[in-house]
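Take a look at the sequence and the structure below. This report walks through a few parts of the model, one at a time.

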Amino acid sequence: MRMLIGASATVLGGVVAVGVVGTSLAHSAPPPRQLRASVQGVASTPEGSLPHAFLTLQTWPDSMAGPHGKDGGAQPGWVTYGPTTNLSVPAHSLVTVTIQQYDTGEKITNPYFAQVHGTVGNTMTVDGKTVNAVDPAHIGHTFTLHSLVTNQDPLFVSVPLPAVADDAPALANGYPKPHTVTFSFITKGPGNYVFQCEYPCGDGYYAKFGGPMSTQTYMEGTVTVTGTAATAAAAGE
Amino acid sequence: MATMTTQGPVAAPVPGTGGGLMRRLSVVTGVVVGVVLAFVGWLVSNALLPSPQEGNHKTDAVTLITLICWAIGFLVGVGAFVGPFRWLLGRDLSHEDEEFLAGKDEGVWRYFRFTTDHKVVGMQYLVTTMALFAVGGTLAMLIRTNLARPNSEIVGPLAYNELVGLHGIIMIIATIIMVSGPFGNFILPIMIGARDMAFPRLNALSYWLLFAAVPVLLSAFFLGGIPTGWSAYAPLSDQAPPGMDAFLVTIVIFGVSTALAGANITTTAVRMRARGMTWNRTPIFVFGVVTSVALGLIAFPMFMVAMVGLAMDRSLGANFYVASGGGNPWLYSNLFWLMGHPEVYVILLPAIIALLEITPVFTRKPLFSFNGAVLGIGGIVGLSLFVWAHHMYMAGWAPPLNAPFMVTTELISIPTGLLFLVLLGTLWRGPVWMRLPVMAVYALLWNFTIGGITGIYLSDVPVDQAMHGSMFVTAHFHYTLMGAGLTGALGALAYWFPKMTGRMLNERWGGIGFWTAQLGFNVTFLGMFAVGLAGQPRRVSDPAAMFATGNLVSTIGAYVIGIGMLIFLYAVLHSWRHGELAPANPWGAKTLEWQVPTPVPLENFTVLPVVTSDFYGYSENGSREAHPAAEPALTPAGVAGGGGSGALPPETAAPTGEGRD
Ligand code: HEM
Ligand SMILES: [Cu+2]
Ligand SMILES: [Cu+2]
């Protein structure tokens, strides 16, 4: 009996130790600030007239320009989405996303991700031209939004972001002229989603899939579909 | 006890005058001096080094200097340099000083001092290993908690990378020392009939170096962690935060520590075996420990060199591994794996061979082919130096070498299989005396079969093309490191616990904990094989949703391991304090460590033993000897009898108090 109590107490102590270390770690990094899509009027869509929300993102070849501050934070050399990777969009709305893609690139491992999936009309525009795929040999990153294993409404949107030429001259901000990619998708009910890049850009990590590829605030982030079509723009900025 | 030392100019100081300071040093003064010197180092280096600009790396240099100052300060404060210092002053240690250093009549304080008694050092290693496993295990639980659901973000991805790196290196350090440290120090000298290690002061130094390295390693938590994984591949490690400086200082200190321990244990086993203990009468465990530490002696300097290069890259811009500066990251991977592969055998050999030592005792049969076992060990040690590039098949380095390395790797399964056969042959036709230490043998046979065979898969170049960098690899090496290595060490602990603590380990609770952990272990890592085969990469904090089920299974298994290990830990701690008092030879074993009284006297033997036969002659006259009468209910045949000894006690009494270094 005494052994039973002692053994249980030891197990309990272990659980507490894991809990304490875990919570303190979880709180050591503040959550990234959130970017909320701004709703501007209504748009007519294949699914009727819906609120129209807008988001603008960038993909940077390093972390000096993203959400990590001027010195690039803990991993200045990592590729990153910006201005943040914590996004929020309204439910039952048309969301139009504009991404400025500043990075160079190469051949994508999985050509499926060189095609456009899940957007309105299954197309996007690249520097004004409407396309449904780009050359798989010149991809910088992808923006791929998908659901978690939950029973919320499924959502899958994936667009390729074409690579900037290796020899493109740098502009005043130190980066080359970006490609501008625009696409729209329709949200359903509220829920939590994630997005990441599916082009293996985690240089130096196994199969280039680790590091920035699997790290939120770099090439991975969350999308919260909120219940109401809120109008506030870029809260918390 | 002796009154004369045979060495050195004997100044015969009165205790308390000569070396009065020495008598006040302990881990407390060590920490104080270490912290003070680290602070001074930090101040001075901050003030003197040029401020950061292109081409110099002030933060890294300051971190390196601070951590090294800590280590030096700690060693000075704990008294590591008292002997050499006194020798320089021409006042060598007196006999009383030596006895003080050996911890004579000091009670528990001797465990907190620079104590040279090998038994004290063994206990220090044991406690340190257990503490390291506790920390590494906590981190493992957090890793698995984070992976329980896809995109759970429990600890956040940056913290995840740091967790994986720290878990990896803490576990690697713990497993490297887990057998050679506690049992290699406490048991081995007695087992060969020696009074102490060949170099007792080096022995203490090797432990306190390890002790000094632990806070350095843990400081990485606060310096940005080790987000590269424990392999610290360049050029990632060139770019990593200052946590990497803590990592490399740890490795350098640990490298020195293992080198000292390796040289010491090897010398002891080669030079100090009892009279009559020829090599084929030397217990097999001695072979396991000696080959392990000797292999480490060759392997770890590679890692140290790699880390010194990294330190120069980071603090001075030396560009050893930075391609843009003319360096080569492949240099790093080669040095790393030149250490890395032999290292897995440094871990495995003593653990498996401890079980080879245990099995004859519980089957009352000689080891099945002693020579086969020695041959197997030799084959592993030899081949293990020529397989390292199987970790680099996919790195693009020297593709024509892939096939040769595949061959050497697959060859090594032959001597490994031989050890397996010896174990099976010894168990064959039991009857096995079912006590806790043998449980580890059964668990190992199962786990190591899985670990070994998946290793053969991975050694195959085309298979590795698909598996490389996946959770399949992680599952494979956990089956070997934990399923075989750690399991063997737990068996060794259960076996030698009565000799080391003077009490019996509670087998009921120990057994419950042990088997709970084994069950959880198989659930965890079979789950990990599954997700690995399905394509889940390792070192990735947010696995895709398609791997969710396998990951959840793994996480549940991991919690079962955690619960089992904690129960086992409790059984150990409780038995240590309150357990039943152990007789000198509870297992009726024949090796020498069981022939001395428990607790073992300071000098182990009043007269040195002479060995006239090997230690496995349990059935020499045709009939099996019975298990010790102390446990009649558990003996298979119900025959009473005493465990004989292969060693004939005193024949020629060697002079006592002979030169102890
Ligand atoms: C409670 C038991 C344990 C669990 C649940 C566990 C779990 C894990 C997990 C999930 C990883 C990360 C895999 C990855 O993403 O690459 C890992 C890595 C690792 N573990 Fe364990 N582990 C346990 C015990 C051990 C033990 C006893 C060792 C002994 C050597 C060990 C050595 C390692 C090493 C070397 C790594 C690689 C770290 C790296 O990639 O840098 N683990 N472990
Ligand atoms: Cu990318
Ligand atoms: Cu290997």
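How many helices and strands make up the secondary structure of chain A? Chain A has one helix and 13 strands. This is a predicted model. Along the sequence of chain A, the order is α-β-β-β-β-β-β-β-β-β-β-β-β-β. Measuring along the principal axes is one way to describe extent: the C-alpha atoms of chain A fill a box of roughly 75 × 45 × 35 Å.

**The surroundings of ligand 1**

Now turn to chain B. Ligand 1 is surrounded by 25 residues. The closest are H167(B), W230(B), H478(B), R538(B) and R539(B). Three of these names return in the table, each with a distance to an atom of ligand 1.

| Residue | Atom of ligand 1 | Distance to a polar side-chain atom |
|---|---|---|
| H167(B) | nitrogen | 2.8 Å |
| H478(B) | nitrogen | 2.7 Å |
| R538(B) | oxygen | 2.8 Å |

Which helices supply at least two residues each of the shell around ligand 1? They are α5 (118-147), α6 (157-177), α18 (471-501), α19 (507-534) and α20 (548-578) of chain B. The largest share comes from α6(B), with seven residues. By class, the shell has 16 nonpolar, six polar and three charged residues.

**Helix α5(B) against helix α8(B)**

Helix α5(B) also packs against another helix, α8 (residues 200-219) of chain B. Their axes come within 10 Å and cross at roughly 20°. Angles under 35 degrees count as roughly parallel, so α5(B) is roughly parallel to α8(B). The crossing of α5(B) and α8(B) is left-handed.

Which residues meet here? From α5(B) they include H118(B), Y125(B) and L132(B). From α8(B) they include N203(B), Y207(B) and L218(B). The contact of α5(B) with α8(B) has 10 nonpolar, five polar and no charged residues.

**Helix α12(B) against helix α13(B)**

The second pair is α12 (residues 329-363) and α13 (residues 370-384), both of chain B. Their axes are 10 Å apart, and the helices pack at an angle of about 170°. Are they roughly parallel or roughly antiparallel? Angles over 145 degrees count as roughly antiparallel, so α12(B) is roughly antiparallel to α13(B).

In α12(B), the residues H341(B), P342(B), Y345(B), L349(B), I353(B) and L356(B) take part. They meet A373(B), I377(B), I380(B), V381(B) and S384(B) in α13(B). By class, this contact has nine nonpolar, two polar and no charged residues.

Terms used. Residues are numbered from 1 along each chain as its sequence is written. Chains are lettered from A and ligands numbered from 1 in the order in which they are written. This is a predicted model: local features need pLDDT of at least 70, side-chain atom pairs count only at pLDDT 80 or more; totals for chains, interfaces and linings use all residues. Side-chain values use heavy atoms; hydrogens and water are left out. A residue is near a molecule or strand if one of its heavy atoms lies within 4 Å of it. A polar contact is a pair of N or O atoms within 3.5 Å; within protein, one must be able to donate a hydrogen and the other to accept it, and residues adjacent in sequence count only if both atoms are side-chain atoms. Helices (H or I, at least four residues) and strands (E, at least two) are DSSP runs, numbered from the N terminus. Ala, Val, Leu, Ile, Met, Phe, Trp, Tyr, Cys and Pro count as nonpolar, Asp, Glu, Lys and Arg as charged, and the others, Gly among them, as polar. Axes are lines fitted to C-alpha atoms, for helices over the stretch in contact, and angles run from 0 to 180 degrees between N-to-C directions. Angles under 35 degrees count as roughly parallel, over 145 as roughly antiparallel, 65 to 115 as roughly perpendicular and the rest as oblique. A crossing is left-handed if the near helix is turned anticlockwise from the far one by less than a right angle, and right-handed if clockwise. Contact means heavy atoms within 4.5 Å.
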